[in-house]
Amino acid sequence: MTLPQLRSVVLAGGGTGGHIYPLLAYADCLRRHDPHVRVTCLGTEKGLENDLIPKAGYDLRNVPAHQLPRKINLDLLLTAPRMLKAMKATRDIMDEVQADVVVGFGGYVAVPAYLAAWRRKTPMVIFEFNDPPGVANKMALKFSDNLALGFPHLPQASPILADGTITGVPLRPEIAHLDRHAMRAQACQYFGLDPRRPVLFVYGGSQGAASINNAVSGAAGALTHRGVQVLHITGARREEPIHIPEGLPVPYRTLPYLDRMDLGYAAADMVLARGGSMTVAEVSALGVPTVFVPMPWGNKEQYRNAGPVVDAGGAMFCDDENLNPSWIEANLIPVITDPHRVAAMSRASAAFGSRTGDEALRNYTLKVLEQA
């Protein structure tokens, strides 16, 4: 059976890295299979996509999308004309590039893409890896049942996700194909770390997380005196300086930002991070034991994102309000200094994760096109 050819694909998802990174990984997969496929990415002028997508070599078209209001107020009255304007602009782009299919990764820029695809009768694929699903994808499910899911627990997590197809999360090639053990010595050399000693890899997202920064830096003495090295990404936009004591017995490295996350993971014996879906996807694909410190506000989605990995034995939770140097000394240090426990957690994490989400999502997209 000959599968349909993807000639022109429109990808919608912007605002945050959680929407953009899987979009880019999927775009890379499409290009690997066909260097001539036309990939058009939709975004808005204020989103992180303006930094990431053109740098990755993809065509970015900004549309006048607006976040959907969650309350009845003046913004709600303005939503209809705004949405019509955004939908028309998006449809014009789809007509120009002769789009065969739209693949949406969530975020409010996906809303006009889904609506334009529906009006244009263009097949659409909805990718979701959050519990609960985002507003844009919830809306899209009223127009299409072509739903791809990033994690195996999601069909049981929400009734509207029950009929989705599990593909896994598209990961950047340098993450998906990383051999942590083969790269460990090189990664440790890159950061000035000793590959014979355990390494704790700490990050709180691009903006950093003050609670994580303060707790881990406050535990610098306790960690390093037990032989635990630290690779700490403090956040490029985090203005508050963190204090690391001098004269520590083993290295404690700080960086504001790291664009080689593959090397960070290769060096790591354990990660301490938030519980965003991309973090969960990456650490479980690579089998890295993790302490998840979910964001303390919002709808607690990060607990639901990371919960299955914790339940499987591949990770542990620490509430943000409880994260402090004493917690790290009492709970994290005994784990990371026990090679047998680290190995067991690594196996449990890897059993949950997937490295083939990009290929599976492409195959699912081709199936949708075939059935259209």
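User: How are the strands ordered in the sheet, and is the pairing parallel or antiparallel?

Analyst: The open sheet has seven strands in the order β3-β2-β1-β4-β5-β6-β7, and the pairing is parallel. Strands are DSSP runs of E with at least two residues, and helices are runs of H or I with at least four, both numbered from the N terminus; two strands pair if DSSP finds at least two bridges between them. The model is a predicted one, in which local features need pLDDT of at least 70 and side-chain atom pairs count only at pLDDT 80 or more, while totals for chains, interfaces and linings use all residues. Residues are numbered from 1 along each chain as its sequence is written, and side-chain values use heavy atoms, with hydrogens and water left out.

User: Which strands stand at the edges?

Analyst: β3 (59-62) and β7 (165-166) do; each has a single partner strand, so one side of each lacks a neighbour in the sheet.

User: What joins β7 to β6?

Analyst: Two bridges join β7 to strand β6 (residues 147-149), and the two run parallel. Leu 149 has Ile 166 in β7 as its bridge partner.

User: Which strands does helix α1 lie across?

Analyst: Helix α1 (residues 17-33) lies across β1 (8-12), β2 (38-43) and β4 (101-104), at about 170° to β1. Axes are lines fitted to C-alpha atoms, for helices over the stretch in contact, with angles from 0 to 180 degrees between N-to-C directions; contact means heavy atoms within 4.5 Å. Helix α16 (residues 357-371) lies across β4, β5 (124-128), β6 and β7, at about 150° to β5.

User: Changing topic: which residues lie nearest the centre of the second largest pocket?

Analyst: Arg 184, Asp 269, Pro 339, Val 342 and Ala 343 do, out of 15 lining residues. α15 (339-352) and α8 (180-191) each supply at least two lining residues, and α15 gives the most, with four. A pocket here is an open set of points on a 1 Å grid over the protein atoms alone, where a 1.4 Å probe fits, with protein on both sides within 12 Å along at least five of seven lines; lining residues have an atom within 4 Å of a point.

User: Any unusual backbone? Where is the cis peptide bond?

Analyst: It joins Asp 131 and Pro 132, with omega about 0°. Pro 132 is found in the loop between β5 and α5. Gln 98 has a positive phi of about 55° although it is not a glycine, and is found in the loop between α3 (74-97) and β4. Most residues other than glycine have a negative phi, and most peptide bonds are trans.
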